[in-house]
Amino acid sequence: MAAEGQNFTLVAGDTVRLAFTAYDSDGTTPLDLAGATIKWQLARDEAGPALISKQTGSGITVTNAAGGTFVVAIAPADTAAITAGGYYHETQVTDASGNVSTVATGSIAIIPGLIA
């Protein structure tokens, strides 16, 4: 079950850490992330293509496996060349048993930075 409405605003070229909690299908029990693979992508819209991609070990860090929490790290270089505007993001977890769940979807507004 995807947590919808995971909406953010960020300034292009900033260092950003997006914190998430993944829940199982009941929407209240944290998803066990022990041994899981997490993928996060940002695109102009749901049809893609992905403009930024992160995964466990490469931009995504599990902060509490039993509690279902993880952080997506966005580096300044990831957004420095992206045009300001609205974007779509999605997070998918494949658990240790191979079950696939989309755990977050939403929009990201990228705004230009005033200070260069």
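Two strands are taken to pair if DSSP finds at least two bridges between them. On that basis, this predicted model contains an open sheet of 8 strands in the order E1-E8-E7-E3-E4-E5-E6-E2, with mixed pairing. A cluster of aromatic rings made up of Phe 8, Phe 20 and Phe 70, a nonpolar core of 23 residues that is the largest in the structure, and a salt bridge between Lys 54 and Asp 78 are described below, together with the strands and the helix that carry them.

**Sheet and strand pairing**

- E1 and E2 stand at the edges of the sheet and have a single partner strand each, so that one side of each is left without a neighbour in the sheet.
- Averaged over the sheet and with direction ignored, neighbouring strands are turned by 25° against each other.
- E2 and E6 run antiparallel and are joined by 6 bridges, and within this pairing Val 16 has Ile 74 of E6 as its bridge partner.
- On the other pairing described here for E6, strand E5 (residues 59–64) is antiparallel to E6 over 4 bridges, with Val 62 having Phe 70 as its bridge partner in E6.
- E5 and E6 form a hairpin in which 4 residues lie between the two strands, and Gly 68 in the turn has a positive phi of about 75°.

**Aromatic cluster**

- A search of the whole structure finds 2 aromatic pairs, and these ring pairs link Phe 8, Phe 20 and Phe 70 into a cluster.
- Phe 8 and Phe 20 form an edge-to-face pair, with 6.0 Å from centre to centre and 75° between the planes.
- Because Phe 8 lies in strand E1 (residues 8–11) and Phe 20 in strand E2 (residues 16–21), this pair ties together parts that are 12 residues apart in sequence.
- Phe 8 counts as partly exposed, because its relative accessibility is 23%, whereas Phe 20, at 5%, counts as buried.
- Phe 20 also forms an aromatic pair with Phe 70, and this pair is stacked, with 5.3 Å from centre to centre and 15° between the planes.
- Since Phe 20 lies in E2 and Phe 70 in strand E6 (residues 69–74), the stacked pair ties together parts that are 50 residues apart in sequence, and both Phe 20 and Phe 70 are buried.

**Nonpolar core and its surroundings**

- The largest nonpolar core has 23 residues, and those with the most contacts inside it are Leu 18, Leu 33, Trp 40, Phe 70 and Val 72.
- At least two residues of this core are supplied by each of E2, strand E3 (37–43), E6, strand E7 (85–94) and strand E8 (100–111), and the largest share, 4 residues, comes from E8.
- With neighbours within four places in sequence left aside, Phe 70 is in contact with a set of residues that includes Leu 18, Phe 20, Leu 33, Ile 38, Ile 60, Val 62, Thr 91 and Val 103.
- Thr 91 is found in strand E7, and it counts as buried because its relative accessibility is 0%.
- Apart from neighbours within four places in sequence, the contacts of Thr 91 include Phe 20, Ile 38, Trp 40, Phe 70, Val 103 and Ala 104.

**Strand E4 and helix H1**

- The structure holds 1 salt bridge, which is formed by Lys 54 and Asp 78, with the closest N and O atoms 2.7 Å apart.
- This pair links distant parts of the chain, since Lys 54 is in strand E4 (residues 50–56) and Asp 78 is in helix H1 (residues 76–79), 24 residues apart.
- Lys 54 counts as buried at 12% relative accessibility, while Asp 78 counts as partly exposed at 22%.
- Ile 52 also has its place in strand E4, and at 5% relative accessibility Ile 52 counts as buried.
- Ile 52 and Thr 79 are 27 residues apart in sequence, and their C-alpha atoms are 8.2 Å apart in space.
- When residues up to four places away in sequence are not counted, Ile 52 touches Trp 40, Gln 41, Leu 42, Asp 78, Thr 79 and Ile 82, and Asp 78 is also the salt-bridge partner of Lys 54.

Technical notes. Residues numbered from 1 in each chain as written. Predicted model: local features only at pLDDT ≥ 70, side-chain atom pairs only at ≥ 80, totals over all residues. Heavy atoms only, no water. Phe/Tyr/Trp six-rings, centres within 6.5 Å; stacked < 30°, edge-to-face > 60°. Buried < 20%, exposed > 50% of the residue type's maximum accessible area, 1.4 Å probe, protein only. Axes fitted to C-alpha atoms, helices over the stretch in contact; angles between N-to-C directions. Core = buried A, V, L, I, M, F, W, Y, C linked by side-chain atoms within 4.5 Å. Contact = heavy atoms within 4.5 Å. Salt bridge = Lys/Arg side-chain N within 4 Å of Asp/Glu carboxyl O.
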